[in-house]
Amino acid sequence: MAPTLPLWVLVAMLAPALVLASPRCDSPPHLWCSSPEIAVACQAESHCANASHPSAAPVELSLYYESLCPGCRLFLVQQLFTTWLLLPEEVLNITLVPYGNAQVGVGPSGAVGAGPGASGPAQNRSIPQERNVSGKWQFQCQHGPEECLGNMIETCLMHEAQNFSTYFPVIFCMESGSSVTKNLEACLQIYAPQLDGGRIAACVQGDTGAALMHRNAQLTEALDPPHEYVPWVVINGKHTDELQAQAQASLLGLVCSLYQ
């Protein structure tokens, strides 16, 4: 680990003009912006103006995906997670919605590819994506029951963890492993040992998980324009073919170009 630089060295590196402060300045650098009078005395007006300038709003990205979709896994692991790691938290705000192309009575054979590893929509979009049977929500997913389970585990994980920086590494671990549904405990031990796997399992098996998945269904069905494939990327509330292509080619470059 590199040694910690003294405060005066950091100031000299970041604001050389401020080091030679006015003789009237008798305040330490961390107080130069504490009042207009001190800023003037220490000749730090321009520095303080820059420091007080509000930062840009974060880029808002929502990913609509399926837990077993090859293209979704590739995008989440290689683009989304690495971009999140490289950027400060105030630059990018991510929402994950695991639901995707779930369709009643349609399996993998009903999918139409929309790119390398992508999963297209089911043949009949008028078929409901979920059913309420005797007061309980039931789901059938494009890649079968295993995908429904993966979607539910990740949804319950998000519900239990709440904090994005806690649950996203776990989801990355699950999606990058050989089995999305079988490595939750191992991923929790590595990335979030403070979380209770038993509570997540109870959510998956109970009414809470079904209610959370129903919400994911509503969010997915409310997309405008309606999603045609997954992964489906929405940036700052918008989806276009151009944004989707840019996100899948270089998400980091796209986010940096939009953060102003």
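Glutamine 162 lies in the loop between α6 and α7. In this predicted model, the residue serves as a convenient point of entry, with one helix on either side of its loop. Most residues other than glycine have a negative phi, and most peptide bonds are trans. Glutamine 162, although it is not a glycine, has a positive phi of about 70 degrees.

From this loop the reader may turn to α7, the helix that spans residues 164-176. Its axis and that of helix α8, residues 184-191, come within 9 Å and cross at roughly 140 degrees. The two helices α7 and α8 are therefore oblique to each other. Their crossing is right-handed. On the α7 side, the residues that take part are Pro169, Val170, Phe172, Cys173 and Met174, and these meet Leu184, Cys187, Leu188 and Tyr191 of α8. By class, the residues of this contact between α7 and α8 are 9 nonpolar, with no polar and no charged ones.

Helix α7 also packs with α5, which comprises residues 70-86. Here the angle is about 145 degrees, and the axes of α5 and α7 are 10 Å apart. The crossing of α5 and α7 is left-handed. From α5, the residues Arg73, Leu76, Val77, Leu80, Phe81 and Trp84 enter the contact. They meet a series of α7 residues that includes Phe164, Ser165, Phe168, Ile171 and Glu175. The contact of α5 with α7 has 11 nonpolar, 2 polar and 2 charged residues. Pro169, Phe172 and Met174 of α7 are listed in the contact with α5 and also in the contact with α8.

On the other side of the glutamine 162 loop is α6. The axes of α6 and α10 come within 9 Å and cross at roughly 100 degrees. That angle makes α6 roughly perpendicular to α10. In α6, the residues Asn151, Met152, Thr155, Cys156 and His159 meet Thr208, Gly209, Ala210, Leu212, Met213 and Asn216 in α10. The residues of this contact between α6 and α10 divide into 5 nonpolar and 6 polar, with no charged ones.

Helices α6 and α10 also take part in the lining of the largest pocket. Rolling a probe the size of a water molecule over the atoms shows where empty space is left. The largest pocket has a volume of about 260 Å³. Its lining consists of 14 residues, and those nearest its centre are Leu96, Thr155, Met158, Arg215 and Asn216. The elements that give two or more residues to this lining are β2 (92-98), α6 (145-161) and α10 (207-221). Strand β2 gives the most, with 5 residues. The lining residues of the largest pocket divide into 8 nonpolar, 5 polar and 1 charged. Thr155 and Asn216, two of the residues nearest the centre of the pocket, also appear in the contact of α6 with α10.

The path ends in the loop between α10 and β5 (232-235), where proline 225 is found. The peptide bond from aspartate 224 to proline 225 is cis, with omega near 5 degrees. Proline 231 lies in the loop between α10 and β5 as well. The peptide bond that leads from valine 230 to proline 231 is likewise cis, and its omega is near 0 degrees.

How values were computed. Residues are numbered from 1 along each chain as its sequence is written. This is a predicted model: local features need pLDDT of at least 70, side-chain atom pairs count only at pLDDT 80 or more; totals for chains, interfaces and linings use all residues. Side-chain values use heavy atoms; hydrogens and water are left out. On a 1 Å grid over the protein atoms alone, a cavity is a set of points where a 1.4 Å probe fits but cannot get out, and a pocket is an open set with protein on both sides within 12 Å along at least five of seven lines; lining residues have an atom within 4 Å of a point. Grid points are joined across faces, edges and corners, and a volume is the space filled by probe spheres set on the points. Helices (H or I, at least four residues) and strands (E, at least two) are DSSP runs, numbered from the N terminus. Ala, Val, Leu, Ile, Met, Phe, Trp, Tyr, Cys and Pro count as nonpolar, Asp, Glu, Lys and Arg as charged, and the others, Gly among them, as polar. Axes are lines fitted to C-alpha atoms, for helices over the stretch in contact, and angles run from 0 to 180 degrees between N-to-C directions. Angles under 35 degrees count as roughly parallel, over 145 as roughly antiparallel, 65 to 115 as roughly perpendicular and the rest as oblique. A crossing is left-handed if the near helix is turned anticlockwise from the far one by less than a right angle, and right-handed if clockwise. Contact means heavy atoms within 4.5 Å.
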